[in-house]
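Trainee: I have a structure to look at and some questions about it. Can we go through them together?

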Amino acid sequence: MLSNLGNILLFLNVILSFSIIYVANRNLKISGGVDKNIFQLSLIQSTSIIICFFVLIAAFIVSDFSLITVYQNSHSLKPLFYKIAGTWGNHEGSLLLWAIILSIFSFLFLVYNKNHPKKFRLLTLIIQNILILGFLFFILFNSNPFSKISPIPSEGLGLNPILQDPALAIHPPLLYVGFVGASIYFSAAIASLITNYSEKSFSLSIKNWVLISWCFQTLGILVGSIWAYYELGWGGFWFWDPVENASLLPWFAMTALFHSLIVFEKRNLFYFWVIILCLITFTLSVTGTFLVRSGILNSVHTFASDPTRGIYILIFLSLMIFGSIFLLFKKYKKENYDLNRNSKETFILVNNWFMMFYLITVLLGTIYPIFTDALTDNKISVGPPFYNAIIFPVVVVFLLFMALGPKAKWIKNKFENIRTYILILTGAIGLNLAIIFFIKSFSLLSNFIIISALFLIISSLMDIAKALKKNKLDFARIISHTSFGFLVLFIGLNDIFTLEKDYNIKLGETKKFENYSIQLQNLDLKNYKNYQAVIGKLEIKNINSNQTNILNPEIRIYDKPKTLTYEAAIKTSLIKDYYLTMSNIDRSDYYNIKFQKKPLMAWIWISVIMIVVGGSIRLFGNAKNN
Amino acid sequence: MKLNLLLLLFIFFSKFSFAAEKTVDPNLIHKNLRCLVCQGQSISDSNSDFAQTIKLVVKDLIDEGKTENEIYEFMSDKYGDWIVFKPQFNTQNSLLWILPYIVLIFGGFFIYSFLKKRQ
């Protein structure tokens, strides 16, 4: 029953998209305002796709195993929360979520851009609906979440246990709002090219959408990292895994885009560059999807891979890319810039320059193994050491520019007091020396990173002091930039300070290292609703301060599907996290325990949240001004 | 152009600081080796039998006095390049290592071309 209802709603959406395209196209040719029917059709479209998604959620809640998707990804004994989260924890359901975001953004863009030319608005709507149709056809003919299975199985296969986690349950929707949200400025950019709508006001139509998608993308990356930290049990939060990279690529493009948009809005420069970035962002989102869903890449996220999907997405992607490139070449007019070396415009270009460098490095690292595999049959791995070696030295310079850039004025900047910068730099170096003194370890690169991060932080804080005097404070920028400085600083410190020890230990045994002792005091076997757990009780004692902490790592044995997972025990405090994992060793009564002391973890998360806070302040500020 | 010079200096020094570390850290090596039977995990993160074996092999190699790079080479020879997370710098991978910097330098020239020739 639910299957039929879902399919009917999907077909209804196809019809609605075609009708919107038809009516909008007819409306283009006549004068007057935008046809009222279009608003209604668009609203019905959004509503019906949401209902369609609720139908799927309902199928998950009542465990309707006549649907293949539910059968493959759920189980009647699963907690309700994960039954619901299971809806988008799989390929088919997540595509439906994509379709929702595409439709809602399409509707809201239409509603909130009344001041822009009718032609531009209608064309954006038409392009967006072509994208929606592309996804709907993909859903209907290849990845239909409402496909039936017969005979109806009595029980489902269950959701992969490592996906049963609150952070994982919310991070895909956040990321999807981010990179599917990018579709709306992709459509707007195409519409702008076609209708020659290249005035400054074009930037107003898209800038809030860029900010919204950027905020969600950042949050999505954050929550995904937190999930990796809690759930994957290796104590890190970023592994330069292909799927992580896929979420980072559009982020670089978005970041470059909203910086360039500032120049476009103020000085009417960089129109084509802004357009290119709009096109790149969504293209990269789809590329990421292609890489992940086609199963071409080996990664921790292999929840959804199937070659036939890959081919469909590849065709879709190629059409997008060739269409965009064709249109760009047709409409491209040479723009002449005559920028002053020391001006805000130039500094923003520098931001874009670095963003493109990061983007290309990460893209290259992600897809290079595919090429070597195909061309030479030699499969290589491109992992953290590559990215660290290429990216981090450049971050040092980037942070310095990030500190200086915002101080520059439009058009022409007077050289500011060099002495202030020297003072800030001296302060940063001094603080860094203090850090070296306390940890007694030294690596030139990490110290350069710390110095440049401190430079950015101090100079942003001085900006606040100066701006407060003049009563002209750009909170959004200062918060985001300062937090970014803190983020790099905390990541750097965390990396240097981390203490990691690995032991094989028996019940009752104690191990000592540095000024810590660690004892396996007890092992407990417990039964839960959908798994069994061996829970260890370990005491970590700081010998100097005589503080003790009890940590309880678990080894979980899940029934459906049968899997063994290792749950880390984490003790978070403002200064440091204790991170402990335990695993059994076959054919022995020893347990392997891995203990890590990770300083300032909480502050890494807080910094990212503050970066998003900065973005949101800008967003609300824009909304108020409109 | 000062910037690129500075950059080269940084790269040079970062390499230098790696070379300065004489002692071989098994944890670092474990992190840079892929667990071949797992999904996207390193030897250090994995609890599999394979990972345990590799850890023992690494320990033996360190005891034999092998350097970090020699251990990676040993692993590549035995299990293929797929096992090492840091791709070697050879003809096949040269584009991977060099292209990012070419982009960076090219981008610098590109921006330079937009600037006024005289202040």
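**Reading the fold and the contacts**

Mentor: Chain A has 17 helices and 10 strands. Keep in mind that this is a predicted model.

Trainee: Does the radius of gyration of chain A agree or disagree with a compact globule, and what is the value?

Mentor: Start from the length, 626 residues. A compact globule with that many would have a radius of gyration near 25 Å. Chain A agrees with this, at 27 Å.

Trainee: What percentage of the residues of chain A count as buried?

Mentor: To be buried, a residue needs 20 or more other C-beta atoms within 10 Å of its own. Apply that to the 626 residues of chain A, and the buried share is 47%.

Trainee: How far apart are the centres of domain 1 and domain 2 of chain A?

Mentor: Domain 1 of chain A covers 1–158, and domain 2 covers 499–602. Take the C-alpha centre of each domain of chain A; the distance is 44 Å.

Trainee: How many residues does each of these domains of chain A give to the contact?

Mentor: On the domain 1 side of chain A, three residues are nonpolar, two polar and one charged. The contact takes six residues from domain 1 of chain A, and from domain 2 of chain A, four.

Trainee: Which elements of chain B give two or more residues to the side that touches chain A?

Mentor: Here 39 residues of chain B are in contact with 47 residues of chain A. The chain B side divides into 19 nonpolar, 14 polar and six charged residues. The elements of chain B that give two or more are helix 1 (2–20) and helix 5 (94–114).

Definitions and conventions
Residues numbered from 1 in each chain as written. Chains lettered and ligands numbered in written order. Predicted model: local features only at pLDDT ≥ 70, side-chain atom pairs only at ≥ 80, totals over all residues. Domains from an automatic or database assignment. Contact = placed C-beta atoms within 7 Å. Nonpolar A, V, L, I, M, F, W, Y, C, P; charged D, E, K, R; others polar. Helix = DSSP H or I, 4+ residues; strand = E, 2+ residues; numbered from the N terminus. Rg over C-alpha atoms; globule rule 2.2 N^0.38 Å. Buried ≥ 20, exposed ≤ 12 C-beta atoms within 10 Å, placed from the backbone.
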